[in-house]
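Please open the structure in a viewer and keep the sequence panel visible. The stops below are given as selections, each followed by what is to be found there.

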Amino acid sequence: MTDSTDNGTESADDQPTRTPPPAQPNYDNTFDAIVVGAGLAGSAAAITMANEDLDVLMIERGAYPGAKNVFGGVMYTPTIRDLVGMDGAPIERYVGQRRYAMLTEEDEIGATVNIGDWHEEPHNDSFTVLRGDFDEWLADQAVEAGATLITETTVTDLIRENGYIVGVETDRPEGALRAPIVVLAEGGNSLVSEGAGLKPAPDRKDVAVAVKEVIEFPGDSAQVIEDRFRLGDEDGAAYHYFGEGAAGKSFGGAFIYTNDDTVSVGLAYRIEDSITQGINPEKRLNEFKSHPAVAPLFKDARTVEYTAKTIPEGGAEAMPKLVHNGALLVGDTAGLVLNNGVHLEGTNMAVESGYHAGKAVVEAFNSIPATERTAGATAAGGQTARADGGMVIPSSHLQSYPDRLEESFVVKNLEHYEWLIHRVTEDKELLFEELPAALADAAAEYFAIDREPKQVHGARAKERVLGTLGGLRGLVKLGWRYRKIVR
Ligand SMILES: Cc1cc2nc3c(=O)[nH]c(=O)nc-3n(C[C@H](O)[C@H](O)[C@H](O)COP(=O)(O)OP(=O)(O)OC[C@H]3O[C@@H](n4cnc5c(N)ncnc54)[C@H](O)[C@@H]3O)c2cc1C
């Protein structure tokens, strides 16, 4: 599986360079920190460090930040709002409406949530965006704060001396760059961190495969979207589906997000299921789009982009060690994604972790007297750990990053839902296949119009659901198993 594919009109690789790299990047090795990857986590870290006058270099392999980034579509922005404000942010629509639905092969049972406050600023900090635009804008904020950005440059390895990470190797000629700190923000496909032994290769049970299409409609595409999804000019919809009609018999789900004049549609499910059940993601996505409850939304639609990517879903248990001598892991590289079927949130965790990592680096620098910053490894106890005599920063000086993250919503949310993910994995068949089918049958029975009394239909509907759950006892047991949801 490649990290990102694109068979649309414009592939990630041949998109134009929109933020020209500086003609003469600062190659004199005077950077305080190097950030690998100008995605959300990387830019948040760079902004935080540059705001405190650290000399930061961001290295991005794409033609511009976001060129290679794939996600479903809802950006959660509270930390971005605090860091740089949202003025000028390239937003497609705010999310004013959410829908959660179970799909059997033919039926849909769902609920729509449309909250008045979501239609007012700050719109519950939930916006559909296109990452090519948004990531470039966020990286621009880092550059405005004083960071240097070089694009079309891939970090190929880390430089290590005497047990300290002291820089990166890149695919540029003479591309070695040095700094006492390297922030690894390379996303979920973290080849550099894994290659350098900073984290293990992920267990396949902790990884989901995701595919996504961007769709447009003939004529006034924005108007078609507003009519079909019952939206105003600026509000958007986030639809989440699970059950057999969404991701087949696997642990996963499908999504539809409305952009300004396009729609993002995709699905994600465990790679393990993909392998053991031989599920082809592209075929599964087409089946989802053809589901009777979904197909009318896509009538006459045209696919303009197709992408695929993996999502780290191991939760708190699978989080690697976050700090090393001279390095920190943030965002997807650190496995910080919550996907429990109801919440698919990685963007807010990426930005939050970048912010806390940046703060920790600033604290580490502030703990070392300026006069000693280039005079050898003061922070390492006075030994010269770097061949060029430059400063190094031991992991103990970066400990405030994991500490801050533990205290933040990031680790709290991952830990809170750890149990849920285990339970859902154990109850996969019941929750994704048997229960949606039973609920659909029960609803059909309950709402049946014929010449039988409603009482009879009601009793049959109840029997259909209880029969699936193992009677009242089974229902109580299930309630007990999932009691923490309401805590
Ligand atoms: C299909 C899908 C749907 C999703 N939907 C949502 C959603 O709706 N809402 C949500 O909150 N989250 C969603 N997520 C999760 C979310 O996208 C991620 O959690 C988030 O993008 C992580 O940000 P990041 O900065 O850590 O990594 P990324 O966004 O992956 O950024 C990593 C950056 O590093 C660059 N890079 C990588 N390797 C190198 C290298 N060696 N050298 C230089 N540069 C490098 C990449 O080009 C990229 O720009 C979804 C994910 C997927 C795959």
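**Stop 1: K199 and its surroundings**

Select K199 and, leaving aside its neighbours within four places in sequence, display its contacts: S190, S193, E194, P320 and L329. The model is a predicted one. K199 lies in the loop that joins helix 4 (191-195) to strand 12. Is this lysine, K199, buried or exposed? K199 counts as buried, because 20 C-beta neighbours lie inside 10 Å, and 20 is the number at which a residue is classed as buried. Next, add L322 to the selection: its C-alpha is 8.9 Å from that of K199, although 123 residues separate the two in sequence.

**Stop 2: the ligand shell**

Centre the view on the ligand and select the 40 residues around it; G37, G39, G187, G331 and G346 come nearest. Colouring this shell by class gives 19 nonpolar, 13 polar and eight charged residues. Then colour by domain: domain 1 (12-91 + 129-201 + 316-407) and domain 2 (204-312) each contribute at least three residues to the shell.

Which element gives the most to the shell around the ligand? Select helix 1 (40-51), which supplies three residues. Other elements that each supply at least two shell residues include strand 3 (74-76), strand 12 (207-216), strand 15 (263-270) and strand 16 (302-312). Strand 20 (344-345) and helix 9 also belong to this group.

**Stop 3: the largest nonpolar core**

Helix 9 leads to the next selection. Residues 347-366 form this helix, and nine of them belong to the largest nonpolar core, the largest share of that core. The core has 129 residues, among which V35, V183 and L328 touch the most other members. In soluble globular proteins, nonpolar side chains tend to be buried together.

Select V35 and hide its neighbours within four places in sequence; the contacts that remain are G42, A45, A46, V56, L57, M58, I59, V183 and A185. V183 thus appears twice at this stop, as a contact of V35 and as one of the core residues that touch the most other members.

**Stop 4: a three-stranded sheet**

Finally, select strands 8, 9 and 10, which form an open antiparallel sheet in the order 8-9-10. Strand 8 (155-161) and strand 10 (177-178) each have a single partner strand, so one side of each is left without a neighbour in the sheet. Strand 9 (residues 164-170) is joined to strand 10 by two bridges in the antiparallel sense. To view this pairing at residue level, select V168 together with L177 of strand 10, which stands opposite.

Technical notes: Residues are numbered from 1 along each chain as its sequence is written. This is a predicted model: local features need pLDDT of at least 70, side-chain atom pairs count only at pLDDT 80 or more; totals for chains, interfaces and linings use all residues. Two strands pair if DSSP finds at least two bridges between them. Helices (H or I, at least four residues) and strands (E, at least two) are DSSP runs, numbered from the N terminus. A nonpolar core is a set of buried Ala, Val, Leu, Ile, Met, Phe, Trp, Tyr and Cys residues joined through C-beta atoms within 7 Å. A residue is buried if 20 or more other C-beta atoms lie within 10 Å of its own, exposed if 12 or fewer, and partly exposed in between; C-beta atoms are placed from the backbone. Two residues are in contact if their C-beta atoms, placed from the backbone, lie within 7 Å. A residue is near a molecule or strand if its C-beta atom, placed from the backbone, lies within 6 Å of it. Ala, Val, Leu, Ile, Met, Phe, Trp, Tyr, Cys and Pro count as nonpolar, Asp, Glu, Lys and Arg as charged, and the others, Gly among them, as polar. Domain bounds come from an automatic or database domain assignment.
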